[in-house]
Amino acid sequence: MTSCVSPRSPRPWTDLLADTADIRQSSDVIAEMRKIMRLPVGARVAVAMSGGVDSSAVAALLVEAGYEVFGLTARLYDVDPTLIGRAGTCCAPEDARDARSVAWQLGIRHYTLDEREVFARVVIDRFVADYDRGDTPNPCVECNRTLKFEVLVQEARALGAQALATGHYARLDLDEHGQPVLRRGVDPQKDQSYFLHPLSPEVGKFVRFPLGTWQKAQVRGHAARLGVPVANKRESMDVCFVAASTPADFVAGHRGARPGAIVDLAGTQLGRHAGIAGFAVGQRHGLGLPPQHPEAPPWYVVDKRPDGTIVVGPHEALRATTVQLRDLSWVGAEPPVDTELLLQVRHRGKPVPARIQQSADGVVTLAVLDDLFAAGRGQSGVLFDGDRVLGGGIISDASRAVA
Amino acid sequence: MIYLDANATTPLSQHVKEAMTAAMAQVFANPSSLHAPGQMARAHLEQARARVLNAVGGAGGKIVFTSGATEANALAWHGVITERRVKHAVRVVTSAVEHPSIGELVKKLRVGGVEVVVVPVDRQGRLNLTAYAEALREPTTLVSILAVQNELGGHYPIGELARMAHAAGAVFHCDATQAPGRIAVDLNAWDVDLASLSAHKVGGPPGIGALWLRRGQQIQPLVAGHQEDGLRGGTENLLGAIGMAAAFDELAERLAAMPRLRALRDRLWQGMQATEPLGRHGDVLAEEETGHVLNVAWSGIDGARVVRALDLENICVSAGAACASGTHEPSHVLVACGQSVAQARAGVRFSLHSGTTEAEIAAVLRVLPGLIARCRAS
């Protein structure tokens with residue numbers, strides 16, 4: 001058993017305060033929270049609580065700001081008991097317990113929703129199927145789209161909440177027309193806007209991200225100030241439900257490893273591999289190919305085909321000149337064709353300039369205007385205007401410079 | 001706070017609180033000790049035992065204090081089976097709407113190769129008597145049927161069921177957890193051999209219950225030790241026993257409140273028609289139910305969601321087997337009544353207690369229309 005948060009136990013939080021950049025006066029923080037919430041004091045608000053420091057801090061800050069706060073935790077999967085306590089989990093049973101302990105400390109109500117069936121269907125099964133097909137899906141985006149922006153939002157509304165707040169690091173405001181504006185979080189190390197792009201305009205008016213302007217260190221400082229346990233809490237990272245293994249092993253465990261051929265761009269077979277899930281577009285090492293001439297350029301994985309074939313090529317073959325996105329959603333109004341914007345294809349990836357060439361039926365084709373390498377099918381392509389998230393979709397095709 | 005979850009736990013009665021507080025100040029010793037404080041503890045314990053025994057019409061039999069009705073159920077089943085299995089093959093007959101603690105015993109015994117026959121119920125949760133009689137045509141060791149169904153509030157003809165079981169040569173155990181204070185309990189008249197009892201469904205503290213045994217009924221203990229006549233080892237929960245006895249002192253008052261609770265329950269059901277409930281589970285003839293339970297469903301709304309929404313309005317109710325740790329299994333009782341999984345998830349249980357007032361029911365009815373509309377819309 002992992003240890004639950006012990007109520008009101010002494011914490012050496014002065015250590016944490018020492019390296020905290022800025023603990024603002026609580027009156028300023030209260031004013032800031034009320035501005036972000038856009039709700040009168042006493043309004044009922046739901047907080048999506050994962051059991052981690054960030055969402056716990058949000059709950060504590062909203063209690064301090066005078067709202068009637070209750071916590072919601074979605075229980076998403078059952079964890080193999082031998083894996084409990086490993087880093088990187090988020091919504092497993094012990095996290096729900098941690099969230100409840102925090103709620104009790106704050107004197108607020110907390111409810112755990114049984115969403116295991118929805119999560120298995122919408123997130124895990126799709127992840128496994130996509131991975132097995134050679135795509136590189138992003139389950140965190142699907143989880144936000146379905147679990148956070150649908151299930152938790154619906155539950156919060158049913159329970160009479162005026163808003164649902166989460167601990168995400170992204171800024172969310174309304175413009176002068178009352179339309180939501182989603183921007184990157186201020187802390188570049190924590191910015192989660194990439195994962196939040198499935199936010200619809202309607203849901204964007206209901207959801208709040210109170211930590212968008214904060215640094216992680218500030219959050220920890222205020223959490224400690226408000227009596228939220230912050231010590232030894234793991235950061236939720238990576239794909240939560242494969243925490244103790246790798247995506248490749250997880251997929252292989254569900255579908256069985258699918259061996260196949262390794263071919264070059266011309267289709268010549270260079271070797272065999274043990275399972276497609278073990279490879280990522282852009283990967284250079286561990287291909288198991290016979291040594292080449294010392295002067296020859298190294299091989300990179302440039303494509304994973306649904307039939308299990310892995311295509312390798314020189315680095316230049318990873319360059320994408322156009323990118324097609326499917327299942328596109330926009331946070332605000334859809335920008336017209338020819339608009340220049342920034343395209344980001346992975347969480348910590350560098351945004352590159354791109355231009356909308358074509359847009360129809362939720363599918364957008366973009367001309368890439370700068371170096372973009374290893375844009376794999378299934379990854380999320382998120383479109384920015386500066387630090388503002390315009391929308392995003394799933395990469396369905398990325399044409400290569402070298403064919 | 002409006003508390004309508006009596007079948008989970010009743011609020012502690014004032015009389016119980018006073019009895020336990022007084023005992024806490026006076027009694028501390030081990031009832032097995034020879035010295036004066038030990039003898040005083042023993043006197044309190046035996047007095048508590050006698051009061052519980054008499055309150056359930058069990059004179060002549062024996063009360064074995066346990067940690068609650070779940071342990072009493074386990075002690076009854078394992079105790080009888082272990083006693084009998086030396087000489088005979090074991091076969092058990094029970095119902096499909098028992099408390100989950102019995103369900104766990106069924107699973108465990110089946111794994112161990114014991115034949116357990118589960119008698120079905122009809123859509124209102126009434127036992128299928130034809131199937132019951134059929135099940136008793138084969139030699140049976142133990143029959144175990146609950147007196148009052150916790151999710152539906154229906155009660156079962158225990159006297160008749162016990163007679164049929166005895167005719168088949170079986171020992172009859174009754175899980176009477178929800179019965180005291182709701183129906184007149186007379187264990188000797190019912191002619192049962194063993195009965196499980198609990199304190200916290202009648203204003204007593206949780207953590208204490210008892211197994212009643214008819215005079216001469218032999219069982220084997222689960223926990224060995226000299227206490228409780230060798231049937232339940234471990235130093236006795238004296239304060240709990242005193243609390244349980246105080247709670248069982250008040251059974252007559254609780255029973256007298258039942259017609260009033262039935263009227264309030266009926267008013268609740270009538271009043272909520274404005275919210276267009278899908279229906280009522282376990283809606284049976286008045287003489288077959290206690291009258292303090294309303295298990296209701298709204299089409300397309302998960303019962304746990306209604307429970308959460310009511311909780312935010314400071315109204316406490318339950319939904320089937322929904323549990324705070326976040327697993328929401330459909331109620332096995334509603335599934336046994338032939339409901340679909342979705343319908344079984346939709347069940348919301350209001351259970352009234354002797355302190356429930358007219359004003360509380362009126363307050364619930366004021367909140368309910370808007371709340372159900374909101375749950376429907378989202």
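## Exercises on a predicted model

In β9(A), Arg272(A) is the bridge partner of Ala261(A). The model is predicted. Work through the exercises with that pair in view.

**Exercise 1.** Find the sense in which strand β8 of chain A and β9(A) pair, and how many bridges they share.

*Solution.* Start with the strand: β8 of chain A covers residues 260–263. Next, take the sense: β8 and β9(A) run antiparallel. Then count: the pairing spans four bridges. In general, strands of a sheet pair through backbone hydrogen bonds, in parallel or antiparallel fashion.

**Exercise 2.** Place β9 in its sheet: which strands of chain A lie at the edges?

*Solution.* Write out the order first: β9-β8-β11-β10 in chain A. This is an open sheet of four strands, and its pairing is mixed. Now read the edges: β9 (269–273) and β10 (300–304) of chain A each pair on one side only. Finish with the twist, which averages 30° from one strand to the next.

**Exercise 3.** Turn to chain B. Explain why chain B counts as being as compact as a globular protein of its length.

*Solution.* List the elements: chain B has 14 helices and twelve strands. Compare radii: the radius of gyration of chain B is 21 Å, close to the 21 Å from the globule rule for 378 residues, so chain B is as compact as a globular protein of that length. Add the box: the C-alpha atoms of chain B fill roughly 65 × 55 × 35 Å along the principal axes.

**Exercise 4.** What percentage of the residues of chain B count as buried?

*Solution.* Take the 378 residues of chain B: 51% count as buried. Then check the contacts in chain B with a separation of 6 or more: residues 24 or more positions apart account for 73% of them.

Note on methods: Residues numbered from 1 in each chain as written. Chains lettered and ligands numbered in written order. Predicted model: local features only at pLDDT ≥ 70, side-chain atom pairs only at ≥ 80, totals over all residues. Helix = DSSP H or I, 4+ residues; strand = E, 2+ residues; numbered from the N terminus. Rg over C-alpha atoms; globule rule 2.2 N^0.38 Å. Buried ≥ 20, exposed ≤ 12 C-beta atoms within 10 Å, placed from the backbone. Contact = placed C-beta atoms within 7 Å. Pairing = 2+ DSSP bridges. Axes fitted to C-alpha atoms, helices over the stretch in contact; angles between N-to-C directions.
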